[in-house]
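This briefing covers charged pairs, one helix and the nonpolar cores of a single chain. Please read it with the structure open.

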Amino acid sequence: MGRRSDHSREELQGLIVEATLNLVREHGADKVTARQIAKSVGYTPGTLYSVFINLQDIFLHVTEIGLKDLFTLCDAAVENENDPYSAIIGLGHAYLKFATEHTHQFDLMFARSAPSEESTPASIRNRIGSMFNLIEIQLSKLNPDATTPNVKLGARALWSGVHGLAMLRLSDQLYLDSTSKDEDVVETLVFNFLNSWKQQ
């Protein structure tokens, strides 16, 4: 690995974020330290703080990558789907797929203490907004008369259930006394919510 003089600031940022992402995926963010990251890229810990504010700043960049990957997966799930019910069920399955296949990354994105809205980068807020927009489009198809605030509220209410399912699934607390599958739970949640939403 080259030394600091061999990389531009942007290249060094990319190396650090990539190394942190790999460490998070392997060990979980709670076990990742600045010293580990620095060792992975062949620099001293002090070098990290010459291009990032702190460890949380690096994690925010890793979170943005996760949100981008999650959006890509969810967007693909609805790309050729015209039926809102099937589209939202597809979104739910994609969301759970990401959570189960990238558990540590998902935990960093959603389970850790997050910075305040004011300190959250606009890029992350925009990516979260894009995720909700996928749901809002389908809700608007089902209920064209719904106002924009109600559509936004509905999307957040529905996805609170899907996200809760993902969190319970990852903590192994969902199926202690049940033989239900993820798909069954998602479909029950979505169908019941959408049937009610459509009649509003």
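Is Lys97 buried, partly exposed or exposed? Lys97 is partly exposed, because its relative accessibility is 39%, which lies between the 20% and 50% cut-offs. The model is predicted, and the points below are grouped by topic.

**Salt bridges**

- The count of salt bridges comes to five.
- Lys97 pairs with Glu101 in one salt bridge, with 2.8 Å between the closest N and O atoms.
- Glu101 and Lys97 both belong to helix 5 (residues 84–101), and because they are four residues apart there, about one helical turn separates them.
- In general, an α-helix has 3.6 residues a turn, so residues three or four places apart point the same way.
- Lys152 forms a salt bridge with Glu136, and the closest N and O atoms of this pair are 3.7 Å apart.
- This pair links distant parts of the chain, with Lys152 in helix 8 (residues 148–170) and Glu136 in helix 7 (residues 122–142), 16 residues apart.
- Glu136 also meets the side chain of Arg156 in a salt bridge, at 3.0 Å from N to O.
- Arg156 is in helix 8 and Glu136 in helix 7, 20 residues apart, and this pair too links distant parts of the chain.
- Through shared partners, the salt bridges join Glu136, Lys152 and Arg156 into one network.
- Within this network, Glu136 is buried at 9% relative accessible area, whereas Lys152 is partly exposed at 37% and Arg156 is partly exposed at 32%.

**A buried acid without a salt bridge**

- Asp57 lies in helix 4 (residues 55–78).
- Asp57 is buried but has no salt bridge.
- Arg9 is the nearest side chain of opposite charge to Asp57, at 7.4 Å; Asp57 and Arg9 therefore do not meet the rule for a salt bridge, which requires N and O atoms within 4 Å.
- A polar atom of the Asp57 side chain does lie 3.0 Å from the backbone nitrogen of Ile53.

**Helix 1**

- Helix 1 (residues 9–27) has 19 residues.
- From its first C-alpha to its last, helix 1 reaches 27 Å, close to the 27 Å expected at 1.5 Å a residue.
- The buried residues of helix 1 are Leu12, Ile16, Val17, Ala19, Thr20, Leu21, Leu23 and Val24.
- The cover over these buried residues includes helix 2 (34–41), helix 3 (45–51), helix 4 and helix 6 (103–110).
- Gly28, just after helix 1, takes a positive phi of about 95°.

**Nonpolar cores**

- In soluble globular proteins, nonpolar side chains tend to be buried together.
- The largest nonpolar core here has 35 residues, and Ile88, Tyr95, Ile135, Leu139, Trp159 and Leu194 have the most contacts inside it.
- Two or more residues of this core come from each of helix 4, helix 5, helix 6, helix 7, helix 8 and helix 9 (182–199).
- Helix 5 gives the largest share of this core, 10 residues.
- Another core, of 21 residues, lies apart from the largest one and has Leu12, Ile37, Ala38 and Ile58 among its members.
- Leu139 touches Ile88, Val151, Gly154, Ala155, Phe193, Leu194 and Trp197, leaving aside residues up to four places away in sequence.

Methods: Residues are numbered from 1 along each chain as its sequence is written. This is a predicted model: local features need pLDDT of at least 70, side-chain atom pairs count only at pLDDT 80 or more; totals for chains, interfaces and linings use all residues. Side-chain values use heavy atoms; hydrogens and water are left out. Buried means under 20% relative accessible area, exposed over 50%, partly exposed in between (1.4 Å probe, protein chains only). Lys and Arg count as positive and Asp and Glu as negative; His and the chain ends are not counted. A polar contact is a pair of N or O atoms within 3.5 Å; within protein, one must be able to donate a hydrogen and the other to accept it, and residues adjacent in sequence count only if both atoms are side-chain atoms. The expected span of a helix is 1.5 Å times one less than its number of residues. Contact means heavy atoms within 4.5 Å. A nonpolar core is a set of buried Ala, Val, Leu, Ile, Met, Phe, Trp, Tyr and Cys residues joined through side-chain atoms within 4.5 Å.
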